[in-house]
Amino acid sequence: MDSPILRNEMDKADPPVSEFIHVPVLGAEVVEGLAVHAGGHYLDATVGGGGHSRLMLEAAADVQVTALDQDGQAIAAAQQSLSDFKQRVHFQHTNFATFEPGSTQFDGILADLGVSSAQFDIPDRGFSFRLEAPPGYAHGSTPGVNSGGYYQPLGRN
Ligand SMILES: C[S@@+](CC[C@H](N)C(=O)[O-])C[C@H]1O[C@@H](n2cnc3c(N)ncnc32)[C@H](O)[C@@H]1O
């Protein structure tokens with residue numbers, strides 16, 4: 001059962017961007033697999049709270065990261081958490097499927113596919129299966145579909 005304190009925090013309509021920040025899994029493997037090197041430019045196609053981008057930026061001198069996310073709240077969280085790196089991070093609020101790299105040649109690309117726990121924890125995003133809210137699946141800037149009508153005839157069982 002949720003503690004009342006945690007529950008109250010999650011019930012806020014406008015959650016702090018810190019809810020997006022998480023400790024990345026396989027951080028060392030990501031840096032090693034991408035062979036992050038000084039002066040390299042990497043694409044983080046799903047920046048989320050910025051955990052993996054931070055590891056890349058810290059792994060070598062003068063690394064640049066282009067950081068995408070289709071979720072505006074995730075971009076806001078990453079802008080805050082990666083503010084130390086200033087002009088070494090280039091944010092774009094976009095679906096990676098429609099991203100246009102132009103003439104940029106990336107030295108490596110990371111796509112940590114899925115959802116952030118914050119997207120489950122914010123009731124009005126419509127993903128939560130613990131908190132009362134209409135289902136909607138608002139994953140990006142586009143409002144999610146109101147899919148409640150699909151489920152109601154099925155009943156609880
Ligand atoms: C597991 S989280 C990434 C966490 C991130 N690696 C970190 O260290 O904080 C996945 C992120 O991918 C984003 N995402 C999912 N599909 C996307 C798409 N098609 N284009 C851009 N971002 C997408 C979600 O909004 C979410 O923020």
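**Entry 1: contacts and overall make-up**

I started with contacts, meaning pairs of residues whose C-beta atoms, placed from the backbone, lie within 7 Å. In the protein chain, residues 24 or more positions apart account for 57% of the contacts with a separation of 6 or more. I noted that this is a predicted model, where local features need pLDDT of at least 70, side-chain atom pairs count only at pLDDT 80 or more, and totals for chains, interfaces and linings use all residues. Residues are numbered from 1 along each chain as its sequence is written.

Next I looked up pLDDT, the predictor's confidence in each residue, from 0 to 100. The protein chain has a mean of 81, with 69% of its residues at 70 or more. Over residues 1–14 the pLDDT is below 50, and this stretch has 5 contacts in the model beyond near neighbours in sequence.

Then I listed the elements, which are DSSP runs numbered from the N terminus: helices are H or I with at least four residues, strands are E with at least two. I found 6 helices and 4 strands in the protein chain. Read from the N terminus, the order is α-α-β-α-β-α-β-β-α-α.

**Entry 2: what is buried**

I used this rule: a residue is buried if 20 or more other C-beta atoms lie within 10 Å of its own, exposed if 12 or fewer, and partly exposed in between, with C-beta atoms placed from the backbone. By that rule, 29% of the 157 residues of the protein chain are buried.

How many residues of α3 are buried? I got 8 of the 9, so this helix is largely enclosed by the rest of the structure. They are G51, H52, S53, R54, L55, M56, L57 and A59. Their packing partners are α2 (27–33), β1, β2, α4, β3 and β4 (108–110).

β2 reads much like that: 5 of its 6 residues are buried, so the strand is largely enclosed by the rest of the structure. For pairing, DSSP has to find at least two bridges between two strands. β1 and β2 pair in the parallel sense, over 4 bridges. One bridge I looked up joins D44 to A67 in β2.

I also checked helix α4 (residues 72–81), where Q73, A74, I75, A77, A78 and S81 are buried. Their cover includes α3 (51–59), β2 (64–69) and β3 (89–93).

**Entry 3: the nonpolar core**

A nonpolar core here is a set of buried Ala, Val, Leu, Ile, Met, Phe, Trp, Tyr and Cys residues joined through C-beta atoms within 7 Å. The largest one has 24 residues, of which Y42, M56, V63, V65 and A78 touch the most other members. Two or more residues of this core come from each of β1 (41–44), α3, β2 and α4. I followed V63 outwards: not counting residues up to four places away in sequence, V63 touches V36, G40, Y42, M56, L57 and R88.

**Entry 4: L55 and P24**

L55 sits in helix α3. Why does L55 count as buried? I counted 20 other C-beta atoms within 10 Å, and that is why. Neighbours within four places in sequence aside, L55 is in contact with P24, G27, V30 and V31. V31 is 24 residues from L55 in sequence but 7.1 Å away in space, C-alpha to C-alpha.

P24 is in the loop between α1 (4–10) and α2. P24 is partly exposed, as 17 other C-beta atoms lie within 10 Å. Its contacts, again leaving aside neighbours within four places, are G51, H52 and L55. P24 and L55 are 31 residues apart in sequence and 8.9 Å apart in space, C-alpha to C-alpha.

**Entry 5: two positive phi values**

L26 is also in the loop between α1 and α2. Its phi is near 55°, positive in a residue other than glycine. L26 is exposed, with 12 other C-beta atoms within 10 Å.

K86 lies in the loop between α4 and β3. Its phi is near 45°, also positive in a residue other than glycine. I found K86 exposed, with 7 C-beta neighbours inside 10 Å.

**Entry 6: around the ligand**

I took a residue as near the ligand if its C-beta atom, placed from the backbone, lies within 6 Å of it. Which residues are the closest? I got T46, G48, G51, D71 and D112, out of 21 that surround the ligand. At least two residues of the shell come from α3, and at least two from β2. I sorted the shell into 6 nonpolar, 12 polar and 3 charged residues. For that, Ala, Val, Leu, Ile, Met, Phe, Trp, Tyr, Cys and Pro count as nonpolar, Asp, Glu, Lys and Arg as charged, and the others, Gly among them, as polar.

Methods:
Contact = placed C-beta atoms within 7 Å.
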